[in-house]
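The exercises below are to be worked through with the sequence and the coordinates at hand. Each task is followed by a solution that goes step by step.

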Amino acid sequence: VVELAKFGMNNLGGKILNFLSRRMDNLIIGYFLGPKELGYYTVAYTLFERILQSLQGVTLSVTFPVFSRLQKQPRKLTRWFLSIT
């Protein structure tokens with residue numbers, strides 16, 4: 001039970017730190033600039049995330065089949081991977 005509690009506390013601590021690191025910008029902007037500017041920032045950031053997700057979806061739908069075909073050609077696969085990233 002003690003081992004599970006340690007694991008759970010570490011897991012919870014990691015999740016709390018992740019949450020804070022992902023939301024710290026909102027806290028800072030909201031505190032120093034106010035709710036109106038935080039709203040602008042949130043809308044702009046959401047738009048950015050949606051564009052990024054769209055591009056990732058297209059990229060992943062193309063790259064996985066290419067990587068699958070190249071899996072037995074490590075040099076070519078490495079070249080494609082490096083050029084894509």
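**Exercise 1. Characterise the lining of the largest pocket by residue class, by member and by element, and state the volume of the pocket.**

Step 1. The model is a predicted one, and the residues lining its largest pocket divide into 2 nonpolar, 3 polar and 4 charged.

Step 2. The lining consists of Arg22, Arg23, Asp25, Asn26, Tyr41, Thr42, Tyr45, Thr46 and Glu49. Two elements, helix H1 (2–33) and helix H2 (35–69), each give two or more residues to this lining.

Step 3. Of the contributing elements, H2 gives the most, with 5 residues.

Step 4. The space in this largest pocket comes to about 220 Å³.

**Exercise 2. Decide whether the protein is a compact globule or more spread out, starting from its secondary structure.**

Step 1. The secondary structure comprises 3 helices and 0 strands, and the order of the elements from the N terminus is α-α-α.

Step 2. For 85 residues the globule rule gives 12 Å, whereas the radius of gyration of the protein is 21 Å, well over that value, so the protein is more spread out than a compact globule.

Step 3. The extents can be set beside this result: along its principal axes, the C-alpha trace spans about 50 × 45 × 15 Å.

Step 4. Turning to the surface, buried residues account for 7% of the 85 residues, and the accessible surface amounts to about 7,800 Å², with 67% of it belonging to carbon and sulfur atoms.

**Exercise 3. Place Ser83 in its element, classify its exposure, and describe its side-chain contact.**

Step 1. Ser83 lies in helix H3, which covers residues 74–84.

Step 2. The relative accessible area of Ser83 is 57%, and because exposed means over 50%, Ser83 is classed as exposed.

Step 3. The side chain of Ser83 reaches the backbone oxygen of Trp80 at 2.9 Å, a distance within the 3.5 Å cut-off for a polar contact.

Step 4. For a separation across the model, take Arg50, which is 33 residues from Ser83 along the chain; the C-alpha atoms of these two residues are separated by 24 Å.

**Exercise 4. For Leu33 and for Phe81, find the exposure class and the C-alpha separation from a residue 14 positions away along the chain.**

Step 1. Leu33 belongs to helix H1, and with a relative accessible area of 54% it is exposed.

Step 2. Phe19 is 14 residues from Leu33 along the chain, and their C-alpha atoms are separated by 21 Å.

Step 3. Phe81 is placed in helix H3; its relative accessible area is 44%, and because values between 20% and 50% count as partly exposed, Phe81 is partly exposed.

Step 4. Phe67 is likewise 14 residues from Phe81 along the chain, and here the separation between the C-alpha atoms is 8.1 Å.

How values were computed: Residues numbered from 1 in each chain as written. Predicted model: local features only at pLDDT ≥ 70, side-chain atom pairs only at ≥ 80, totals over all residues. Heavy atoms only, no water. 1 Å grid on protein atoms, 1.4 Å probe; cavity = no way out; pocket = protein on both sides within 12 Å on 5 of 7 lines; lining within 4 Å. Points joined across faces, edges and corners; volume = space filled by probe spheres on them. Helix = DSSP H or I, 4+ residues; strand = E, 2+ residues; numbered from the N terminus. Nonpolar A, V, L, I, M, F, W, Y, C, P; charged D, E, K, R; others polar. Rg over C-alpha atoms; globule rule 2.2 N^0.38 Å. Buried < 20%, exposed > 50% of the residue type's maximum accessible area, 1.4 Å probe, protein only. Areas by Shrake-Rupley, 256 points an atom, 1.4 Å probe, with all protein chains shown as cover. Polar contact = N/O pair within 3.5 Å; in protein donor to acceptor, adjacent residues only side chain to side chain.
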